[in-house]
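Hi,

Here's the structure I promised to pass along. Have a look at it first, then read on for what turned up.

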Amino acid sequence: MERVRLGDKHFSLYMTAEQIDRAIGELADRINRDYAGTESLLLVGVLNGAYMFAADIARKINIPCRIAFIKVSSYDGLASRGEIAMKLPLCCDVEGCDVILLDEIVETGLTMSWLFGYIESMKPRSVAAATLLYKRCAYKGDREIKYAAVTMAEPLFVVGYGLDYNEEGRTLKDIYILDENGDTNA
Ligand code: 5GP
Ligand code: MG
């Protein structure tokens, strides 16, 4: 599909499932190299958006690890509300673990900064961030986003592959970008 319509907006194809798969494969290769020999790797996926990314990258990471999920939200429609709400806490042992936070997209960095603080309070051995999409020009955080598969040239709004527009579009296998003139009645 080249274009999709969700609610009152039009979106155009940005990344195909094959391109996503390749980008995640390259990211997993780096993690496999950097964490080789690690005995306490813990992947933490950020629900809801990262459910596909977490499942796909976890299957390409060949180091024994655990996976757990936390649910937070900051977005409303097309923009961040600027504050984090925790919807589901992390229910697993973190102390002494090498944690990799998995989010499908990093924009301002508010979510990742909050998650770093939350995880660090649980005494892990290390914490790193991995994301499929990185809107580096919108990033205001002070934490390194060490593993970013794709850096977006412009901080445009995207949907699909876990990413929603008002809860629509999450299950699409490809990623779509908001049309410049995306209103259906424009
Ligand atoms: P940040 O806290 O870095 O500003 O934003 C992180 C979260 O906002 C992401 O995990 C995602 O849920 C949401 N988000 C950021 N940019 C986009 C976007 O382009 N599309 C969608 N659907 N969600 C986004
Ligand atoms: Mg997310």
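How much space lies in the largest pocket? About 660 Å³. Before you go further, keep in mind that this is a predicted model.

**The pocket**

The lining of that pocket is made up of 33 residues, and those closest to its centre are Ser73, Ser74, Tyr75, Glu104 and Asp164. If you want to find the walls by element, look for strand E3 (41-47), E4, strand E5 (79-88), E6 and H3, each of which gives two or more residues to the lining. E4 supplies the largest share, with six residues. Sorted by class, the lining has 12 nonpolar, 11 polar and 10 charged residues.

**The ligand**

So what takes up this space? The largest pocket is the space taken by ligand 1. Try clicking on the ligand and showing what surrounds it: you should get 17 residues, with Thr108, Thr111, Lys135, Val158 and Asp164 the closest. Asp164 may ring a bell, as it is also on the list of residues closest to the pocket centre.

Three elements each put at least two residues into the shell around ligand 1: strand E4 (65-76), strand E6 (98-106) and helix H3 (110-120). Here the largest share comes from E6, with four residues, while for the pocket lining it was E4. The shell splits into eight nonpolar, four polar and five charged residues.

Now for the contacts, which are nice ones to check on screen:

- Lys135: a polar atom of its side chain lies 2.8 Å from an oxygen atom of ligand 1.
- Asp103: an N or O atom in its side chain is 2.9 Å from an oxygen atom of the ligand.
- Leu110: here a polar backbone atom is involved, 3.5 Å from an oxygen atom of ligand 1.

And how much of ligand 1 does the protein bury? Taken alone, the ligand exposes 510 Å², and the protein buries 93% of that.

**Two backbone oddments**

Leave the pocket for a moment and go to the peptide bond from Leu47 to Asn48. This bond is cis, with omega near -5°. Asn48 sits in the loop between E3 and helix H2 (51-60).

The other spot is Tyr161, in the loop that runs between strand E9 (158-159) and strand E10 (175-183). Tyr161 is not a glycine, yet its phi is positive, at about 50°.

That's the tour. Shout if anything is unclear!

Cheers

Terms used
Residues are numbered from 1 along each chain as its sequence is written. Chains are lettered from A and ligands numbered from 1 in the order in which they are written. This is a predicted model: local features need pLDDT of at least 70, side-chain atom pairs count only at pLDDT 80 or more; totals for chains, interfaces and linings use all residues. Side-chain values use heavy atoms; hydrogens and water are left out. A residue is near a molecule or strand if one of its heavy atoms lies within 4 Å of it. A polar contact is a pair of N or O atoms within 3.5 Å; within protein, one must be able to donate a hydrogen and the other to accept it, and residues adjacent in sequence count only if both atoms are side-chain atoms. Accessible areas come from the Shrake-Rupley method with a 1.4 Å probe; for residues, only the protein chains shown count as cover. On a 1 Å grid over the protein atoms alone, a cavity is a set of points where a 1.4 Å probe fits but cannot get out, and a pocket is an open set with protein on both sides within 12 Å along at least five of seven lines; lining residues have an atom within 4 Å of a point. A molecule sits in a cavity or pocket if more than half of its atoms lie within 2 Å of its grid points. Ala, Val, Leu, Ile, Met, Phe, Trp, Tyr, Cys and Pro count as nonpolar, Asp, Glu, Lys and Arg as charged, and the others, Gly among them, as polar. Grid points are joined across faces, edges and corners, and a volume is the space filled by probe spheres set on the points.
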